[in-house]
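I open a new page for this entry. The plan is to look up pockets, cavities, ring contacts and backbone oddities, one at a time.

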Amino acid sequence: GGIEYNEQYRPQIHFTPKKAWMNDPNGLIYFNKTYHMFFQHYPDSTVWGPMHWGHAESKDLVHWVEKPIALYPDNLGYIYSGSAVIDKKNTSGFGKLGKTPLVSIFTHSNPILRKEGQDNYQYQSLAYSLDSGNTWTKYNGNPVLNNPGIKDFRDPKVSWFEQGRKWIMTLATKDRVTFYSSINLKEWHKESEFGNDLGAHGGVWECPDLISFVVNGKKIWVLIVSINPGGPNGGSATQYFVGDFDGHQFSTFDSKTRWVDYGTDNYAGVTFFNTKKRKLFIGWMSNWQYANKVPTTSWRSAMTTTRELSLKKINNEYLLASKPVKEYEQLNLAHSSFKNIDLTDDFDLTKKIKTSIDRSRIQLTSDYLKSFSIILSNDLCEQLILGYNESQNEFYIDRTKSGKIDFEKGFSKRITSPRLVNNNKVDLTLIIDDSSVELFTDDGLTVMTALCFPQKKYNNLKLKSNSNFLINNLDYWSLKSIWNNN
Ligand code: FRU
């Protein structure tokens, strides 16, 4: 019978395609009480190829049902990343018989022009749906935004800018973001460029997203930009800028480079359209450095947990924080709780709890932060170590001995992230799945997402400290699979 979602390494609390290749989340949108996630998909192979938009739906941001493919490549090219909007006012004219159109804006990448060595092979196109995202019709006037001669010209993220009553497109254009505006989604006017002289530039810019938060009554804008390569721990990663957007131009408060996630495996992440004040973010849980080589069988890649973003003012700077959405609490199964753990002696959690640890959530708080480590291991002596190093003031995930690592030479690594606040009080949430860990510390200010491929499931979890780290509270939950049958 059908897909069991129970192969070795198959994530149990993260979305994966039933089969074949997946990369970026696309067209994230909430409509008619349903969350839609489209995704870069090549249904004929487990490596990247001619791109389609796969489709999945969710009622709760946690459980996903895969739907038929939404967009197929056509004679204008492969269907690269992009976004989707609800065109409530029918500005596009795609609406018929009073039906509100959903409009997707995506990049066509033309393999023939590319092969011919032309620079103008990427341009932006539209498709619309009048049946709540089930089926899509491509606009017969495609493309709507032609290529001006820039090789990397892609990943349109469109949002409605109410003050100016116009659509704003955020587009990745090689080493910068270019903003365009439109009143009908069909004709686009260039507004401005941002970033060729700011931020990280170790690689090409991709998948930008412009969002806003209200902090202490003030509207603050955040521009998210993925970059590949050039991430803080190698390969792909996502930076962000904080500043102001006036409908024409984005300007930053300072010139610091900041990262949404310091881990190696959160890329091309963007937010949902139409979730009001909630800023809901999903990233592709992989890295172009080895995405095509990870040791999974019938499918490749997973999405990160859905995260809620917030913007916090810390010592006069605005910092982005991420947390797994509260909807994940419904997966909580057995719960164990411990108080005042003194790590002068190792604390063997697996000895204290009766359930397995292969899918779990661990939360701890302490008022006395010191160096410590959490060690996940299995009977093959594979181990993943994560924790905090006081002398470096950094969090880390060490996956050098975590399991299968030899499929790519850069995979085996110790991933680090600076701690962004300066006090002794710390909190940590760790989400463990069959082939990933996601670490959220300091109320989501430091995030590290990392893949790992233990060849047998980790069945031991120990906490250690050489410097008398004292834990006030430790909570442990085993988690239900999001796939019905497991
Ligand atoms: C990011 C990306 C996008 C592009 C897509 C192609 O991972 O390279 O820039 O649209 O993937 O699949």
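**Pockets**

I began with the lining of the largest pocket and sorted it by class: 14 nonpolar, six polar and 11 charged residues. The model is a predicted one. I then noted the volume of this largest pocket, about 970 Å³. It has 31 lining residues, and those closest to its centre are Trp160, Phe273, Asn274, Lys276 and Lys279.

Which elements give two or more residues to this lining? I listed strand S9 (153-161), strand S10 (166-173), strand S13 (204-215), strand S14 (218-228) and S19. S13 supplies the largest share of the lining, six residues.

Next I looked up the second largest pocket, with a volume of about 340 Å³. I count 17 residues in its lining; closest to the centre are Trp48, Tyr80, Arg154, Glu206 and Trp288. Strand S1 (20-31), strand S5 (78-86), S9 and S13 each give two or more residues to the lining of the second pocket. S9 and S13 are also among the elements I listed for the largest pocket. By class, the second lining splits into six nonpolar, five polar and six charged residues.

**Cavities**

I searched for enclosed space too. The structure holds four cavities of 30 Å³ or more. The largest cavity has a volume of about 100 Å³. Its lining consists of Tyr9, Pro11, Met285, Ser286, Val294, Thr296, Trp299, Ser301, Ala302, Ser435, Leu451 and Phe453. How many charged residues are in that lining? I found none: eight of the residues are nonpolar and four are polar.

Trp299 came up again when I looked at charges over rings. The charged end of Arg10 sits over the ring of Trp299, 4.1 Å from the ring centre. I have a second case in my notes: Lys186 places its charged end over the ring of Phe94, 4.5 Å from the centre.

**Ring pairs**

I ran the aromatic search over the whole structure and got 35 pairs. I checked Tyr35 and Phe272 by geometry. Their ring centres are 5.5 Å apart and their planes stand at 85°, so I log the pair as edge-to-face. The pair links distant parts of the chain, 237 residues apart. Tyr35 is in strand S2 (residues 34-42), and Phe272 is in the loop between strand S18 (267-271) and strand S19 (279-284). Buried or exposed? Both Tyr35 and Phe272 are buried.

Phe407 and Phe411 gave me a tilted pair, at 4.7 Å centre to centre with 50° between the planes. I checked burial here as well. Phe407 has a relative accessible area of 14%, so it is buried. Phe411 is at 0% relative accessibility and therefore counts as buried.

I also logged one aromatic cluster, formed by Tyr5, Phe15, Phe39, Trp64 and Trp483.

**Backbone oddities**

I looked for cis peptide bonds. The bond from Asn142 to Pro143 is cis, with omega near -5°. Pro143 lies in the loop between strand S8 (137-138) and S9. The bond from Asn228 to Pro229 is cis as well, with omega near -10°. Pro229 falls in the loop between S14 and S15.

Then I turned to phi. Leu61 is not a glycine, yet its phi is positive, about 70°. I place Leu61 in the loop between strand S3 (52-58) and strand S4 (65-71). Leu61 has 0% relative accessibility, so I mark it as buried. Ala268, also not a glycine, has a positive phi of about 60°. Ala268 is in strand S18. Its relative accessibility is 1%, so Ala268 counts as buried.

I looked at one glycine, Gly247, in the loop between strand S15 (237-245) and strand S16 (250-252). Gly247 is at 1% relative accessibility, so I enter it as buried. From Gly247 to Glu191 I get 8.4 Å, C-alpha to C-alpha, with their positions 56 residues apart in sequence.

**Whole protein**

I closed with the overall figures. The protein has two helices and 34 strands. Its C-alpha trace spans about 70 × 55 × 45 Å along the principal axes. What is its radius of gyration? I get 22 Å, which agrees with the value near 23 Å for a compact globule of 486 residues. Of the 486 residues, 61% count as buried.

Key. Residues numbered from 1 in each chain as written. Predicted model: local features only at pLDDT ≥ 70, side-chain atom pairs only at ≥ 80, totals over all residues. Heavy atoms only, no water. Phe/Tyr/Trp six-rings, centres within 6.5 Å; stacked < 30°, edge-to-face > 60°. Helix = DSSP H or I, 4+ residues; strand = E, 2+ residues; numbered from the N terminus. Buried < 20%, exposed > 50% of the residue type's maximum accessible area, 1.4 Å probe, protein only. Lys NZ or Arg CZ within 6 Å of the ring centre and 35° of its normal. 1 Å grid on protein atoms, 1.4 Å probe; cavity = no way out; pocket = protein on both sides within 12 Å on 5 of 7 lines; lining within 4 Å. Points joined across faces, edges and corners; volume = space filled by probe spheres on them. Nonpolar A, V, L, I, M, F, W, Y, C, P; charged D, E, K, R; others polar. Rg over C-alpha atoms; globule rule 2.2 N^0.38 Å.
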